[in-house]
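Colleague: I would like a close look at a single part of this model. Please start there and then work outward through the side-chain pairs, the backbone and the surface.

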Amino acid sequence: IDTGGIEQENNNQKSFKSFETNWIVKNIGLGLKEADLILFVVDGKEGLNPLDKTIFKWIKIKFSNKPIILLVNKADDRNNEVYSLEFYELGLENIIQVSALHNLGFADLLNTIIEHIKPTDETKKNKKISLNIDETDIKFALVGKPNVGKSSILNQILGEERVLVSDIPGTTRDAIDTFIEKDEIKFTIIDTAGIKKNSKKKDFDFISIAATEEAIKRSDISLLVMDATTGVNHQDLRIAGMIKEYNRASIIVINKWDLIENREEYVKKFLDDRKKLFPFLLHSPVIFVSAKTKIRIHKIFDIVKDVYKEYTKRIPDIEISNLFRECYSKKYPPRGKKKYPIVILGGKQLETKPPLFYVKLNKDGELHTSYKRYLENNIREKYGFVGTPVKIIWRGE
Ligand code: GDP
């Protein structure tokens, strides 16, 4: 858990009390509460400063039961202990000198971390049930071209929920992560909304594209936010393409619904456009919202939960085998250039996130793309898999 930095300017206050009540510090506290181990990072070039002492005192009081490793950064000459000298007065046993710039000391650090976080019976138990959705951390990203309303939607979502930790706006991070807990499910929201404001550019430039790609890659589900008033353009399609490329689950969020008058006609036209322009996201649910008037904003979480269930769903082997054979008996795969008929011998689901199916064929068999699509349609008809790509591979035994 990476907490936002505690800035000097936020800590001009004299008393420890005002330090504790600072909202950033409070937010960091929520993050530390979740942690098994605390890495307290200090600047080895600058030495011990009063703010370090205040932070350390606060950690000791609030989290007395958690192991702490003091990480002395900027120790560019690792063998020289001079960087750590001033920090001995904190009385910590675990002090590791590192240099993030030169990538030094991290093997030591990892070893020390491992020594301090032996799995307890409790964590082992949690691991076992971690496939249960209630225990899972669902990561979703808000992506879309500038000005479609990503930040407005995020603000509306967060307005109602308990925020565990949020990065501080204005930092140089490309994507901002926010952790929230709702109905006992932990969500990570990966948000690229801040980019526009940082780079002061209206264009969907190189940086935004890279950040969008990164956000999609790190998410389970990508929420593709579009502006109802502008229609679908090449930028929307580019992002849709990235979602497909990374095989992520997705939900299409059409924002600014308050500004649309003829809604019925709009929905029809949008669904039509989707079929023509990005048919590869036909499986994605579409939700029409307004961040301004809050129409259906609260529904977003329900849809995210539903899609996550589909993205992680596993169908028993026997059912898939039966389904594939049934498909086979209704329609034979095209033979193509092969001399012998292609026979489907069985199949099963190999993976989730996204669901991946394997089709077992007779010797030298080969499955045409159109037949894969036929199988996919049958899988979807029977099992849904709403919002998630379905991948199919085959092998001739
Ligand atoms: P972002 O660049 O995608 O993060 O977009 P913003 O959240 O900054 O919103 C861009 C502009 O659209 C702002 O002026 C918002 O006030 C406006 N906006 C956002 N959501 C809505 C909405 O649902 N309805 C209307 N009418 N305006 C909205």
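In which loop is Pro354 found?

Modeller: A caution before the details: this is a predicted model. Pro354 sits in the loop between β11 and β12. The peptide bond that leads into Pro354 from Lys353 is cis. Its omega is near 0 degrees.

Lys353 deserves a look of its own. Its side chain forms a salt bridge with that of Asp220, at 3.4 Å from N to O. This pair ties together distant parts of the chain, 133 residues apart. Lys353 is in the loop between β11 (344-351) and β12 (356-361). Asp220 is in the loop between α8 (206-218) and β8 (221-227). The two ends differ in cover. Lys353 has a relative accessible area of 38%, so it is partly exposed. Asp220 is at 10% relative accessibility and therefore counts as buried. The cut-off for buried is under 20%. So the residue before the cis bond is also one partner in a salt bridge.

Side chains of opposite charge can pair when their charged atoms come close. The structure holds twelve salt bridges. One of them joins Asp183 and Lys305, with 3.3 Å from N to O. This pair, too, links distant parts of the chain, 122 residues apart. Asp183 lies in the loop between β6 (176-182) and β7, while Lys305 belongs to helix α11 (residues 299-311). Here the acid is the exposed partner: Asp183 has 55% relative accessibility. Lys305 is at 18% and counts as buried.

Another salt bridge stays inside one helix. Glu376 and Arg380 meet at 3.0 Å, N to O. Both are in helix α13 (residues 369-383), four residues apart, or about one turn of the helix. Glu376 is partly exposed, with a relative accessible area of 22%. Arg380 is buried, at 16%.

Helix α13 leads on to a backbone point. Phe385 is in the loop between α13 and β13 (391-396). Phe385 is not a glycine, yet its phi is positive, about 55 degrees. Its relative accessibility is 0%, so Phe385 counts as buried. Arg296 also has a positive phi, near 60 degrees, and is likewise a residue other than glycine. Arg296 is placed in the loop between β10 (286-288) and α11. With a relative accessible area of 32%, Arg296 is partly exposed. Helix α11 is also where Lys305 sits.

Strand β7 gives a polar pair. Thr188 is in that strand, which spans residues 185-191. Its side chain makes a polar contact of 3.2 Å with the side chain of Asp137. Thr188 is buried, with a relative accessible area of 2%. The loop before β7 holds Asp183, the partner of Lys305.

Next, the loop between β2 and β3. Asp77 lies in it. At 38% relative accessibility, Asp77 counts as partly exposed. Its C-alpha atom is separated by 8.9 Å from that of Leu104. Along the chain, those two residues are 27 apart. Leu85 is found in the loop between β2 (68-73) and β3 (95-97) as well. Leu85 also helps to form a nonpolar patch on the surface, with Val82 and Tyr88. Together the three have about 280 Å² of accessible area.

The surface has a charged patch too. Lys17, Lys26, Lys33 and Lys62 form a positive one. Lys17 comes from helix α1 (residues 16-21). At 57% relative accessibility, Lys17 counts as exposed. The cut-off for exposed is over 50%.

Back to the part you asked about. Pro354 is in the loop between β11 and β12, and the bond from Lys353 to Pro354 is cis. The side chain of Lys353 reaches Asp220 in a salt bridge.

Technical notes
Residues are numbered from 1 along each chain as its sequence is written. This is a predicted model: local features need pLDDT of at least 70, side-chain atom pairs count only at pLDDT 80 or more; totals for chains, interfaces and linings use all residues. Side-chain values use heavy atoms; hydrogens and water are left out. Patches are made of residues with over 30% relative accessible area and no salt bridge: like charges are joined within 9 Å, nonpolar side chains (Val, Leu, Ile, Met, Phe, Trp, Tyr) within 5 Å. Accessible areas come from the Shrake-Rupley method with a 1.4 Å probe; for residues, only the protein chains shown count as cover. A salt bridge is a side-chain nitrogen of Lys or Arg within 4 Å of a carboxyl oxygen of Asp or Glu. Lys and Arg count as positive and Asp and Glu as negative; His and the chain ends are not counted. The place of a charge is taken as NZ of Lys, CZ of Arg, CG of Asp or CD of Glu. Helices (H or I, at least four residues) and strands (E, at least two) are DSSP runs, numbered from the N terminus. Buried means under 20% relative accessible area, exposed over 50%, partly exposed in between (1.4 Å probe, protein chains only). A polar contact is a pair of N or O atoms within 3.5 Å; within protein, one must be able to donate a hydrogen and the other to accept it, and residues adjacent in sequence count only if both atoms are side-chain atoms.
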